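Subject: Structure for you to look at

Hi there,

Here is the structure I promised to send over. Please open it alongside this message and have a look around before reading on.

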Amino acid sequence: MQELKIENLVKRYPGRDQVVAVNHVDVDVQAGEMLVLLGPSGCGKTTLLRCVAGLEDAQEGRIVLEGKPVFDSATGLNQPTHLRDIGMVFQNYSLWPHMTVQRNVEYPLRARGIGGAERAKRALEVLDVVQCGHLTDRYPAMLSGGQQQRIALARALAPRPKVMLLDEPLSNLDALLRVELRTHLRAIHRELGFTGIYVTHDQLEAFNLGTRVAVMNAGRIEQLDSASTVYERPATDYVARFLGIRNVFELRPEGGGWSSDAGRLEGDLGLLERHGTGSLQLFLRPQALRLHVPGAPIPQAGHLSLAGGRIVESLYSGSEVDTVLRVGEVTLYASTPVGSGQFKPGDPVTVSFESRSALLYVDGKLARS
Ligand SMILES: Nc1ncnc2c1ncn2[C@@H]1O[C@H](COP(=O)(O)OP(=O)(O)O)[C@@H](O)[C@H]1O
Ligand SMILES: [Mg+2]
């Protein structure tokens, strides 16, 4: 069942440069799903969320909540925020400073006309869910950042909204607390089963929390897939770059083979030949690269290699050795298991990789391998 449907949504901010913050977005969010919007700062995540909440007015499109339109540019329908069955949590905790924790959490229940005893009962229930039942009489200033964010979450959950919107709720917390709260949020989502949209620029957070992940680029959704598909098969070179896949070869046909700024690729060129038209880019994760002493045997079938490299730096990181090297004009990053032979800065090196570990993009789109 679809809890939330966003159709062809467009939001432009007026001004000289007319930013199109949300550019023809279509998304269906299923009941109980946590959809993560992932993308760099400025790609339109917050604007999209605010349109769903009714805090921004879009110019085009439709938003349907539980089968009922709440926004429709064609008919002029635009339901105000308080009539949409939505809970929100933002990056800054935004608790009322002059109210105790309990009153903060009761606030949205009071606004819905829920009476005293029932209000208190529900506030305590939800405070227990976020493990803050012992903080009812405190004021926000007497709480840590992590506690304030849990209270903000409890306040949003208290009216049991159909849809929860979470905009980088963990971004202001320190690293350890983020991990803890992320785990806890995952458990709360499983326990309460609400439908959520979660905004983040952090891919690990997205992969941990997202039932599905939508990667955004300049107001558009570039890829919408399960976390593992986004990780293993980034649909475009933009997504691959955003995920931090740092080894990139721009390839051009040359003398019957393939050349790049890192030199000529040798070995099994089948992958490239099958897709040999258009602009080709090969992306490789650091773990995909193997390093060899020049002249050492290199596996042939299904492998590609580049000769003439030089080690720039080799860093022992405990479980792996992280090596930076230059091949031609290109800087490469290799992560190899400890014990597979360590190189010193200045050493000559040949690089190889399995062609099936490479992501090939033709005109920016992932090619089938
Ligand atoms: N109130 C506003 N007025 C004008 N432009 C805005 C406003 N809010 C956001 N923008 C612009 O819209 C784009 C998307 O912003 P935003 O939705 O905040 O992105 P994100 O949350 O992904 O960082 C950016 O180019 C931003 O500068
Ligand atoms: Mg934002």
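Below are some notes on the domains and the ligand. Please keep in mind that this is a predicted model.

First, the domains. The assignment splits the chain into domain 1, covering 2–234, and domain 2, covering 245–366. Their C-alpha centres are 41 Å apart. Where they meet, four residues of domain 1 contact five residues of domain 2, and about 400 Å² is buried between the two domains, with carbon and sulfur atoms giving 50% of that area. On the domain 1 side, Tyr231, Arg233 and Pro234 lose the most area to domain 2, and together they make up 91% of what that side buries.

As for polar links between the domains, there are two residue pairs in polar contact across the interface, and the count of salt bridges is zero. The domain 1 residues that touch domain 2 comprise two nonpolar and two charged ones, with no polar residues.

Now to ligand 1. Its surroundings include Val19, Ala21 and Pro40, as well as the run Ser41, Gly42, Cys43, Gly44, Lys45, Thr46 and Thr47. Tyr13 is also among the surrounding residues, and an N or O atom in the Tyr13 side chain is 3.4 Å from a nitrogen atom of the ligand. Backbone atoms take part too: a polar one of Gly42 lies 2.6 Å from an oxygen atom of ligand 1, and a polar one of Gly44 lies 3.1 Å from an oxygen atom of ligand 1. On its own, ligand 1 exposes 560 Å², and the protein buries 59% of that.

Happy browsing, and best wishes!

Key:
Residues are numbered from 1 along each chain as its sequence is written. Chains are lettered from A and ligands numbered from 1 in the order in which they are written. This is a predicted model: local features need pLDDT of at least 70, side-chain atom pairs count only at pLDDT 80 or more; totals for chains, interfaces and linings use all residues. Side-chain values use heavy atoms; hydrogens and water are left out. Domain bounds come from an automatic or database domain assignment. Contact means heavy atoms within 4.5 Å. Buried area is the accessible area (1.4 Å probe) that two parts lose on being put together, summed over both. A salt bridge is a side-chain nitrogen of Lys or Arg within 4 Å of a carboxyl oxygen of Asp or Glu. A polar contact is a pair of N or O atoms within 3.5 Å; within protein, one must be able to donate a hydrogen and the other to accept it, and residues adjacent in sequence count only if both atoms are side-chain atoms. Ala, Val, Leu, Ile, Met, Phe, Trp, Tyr, Cys and Pro count as nonpolar, Asp, Glu, Lys and Arg as charged, and the others, Gly among them, as polar. A residue is near a molecule or strand if one of its heavy atoms lies within 4 Å of it. Accessible areas come from the Shrake-Rupley method with a 1.4 Å probe; for residues, only the protein chains shown count as cover.
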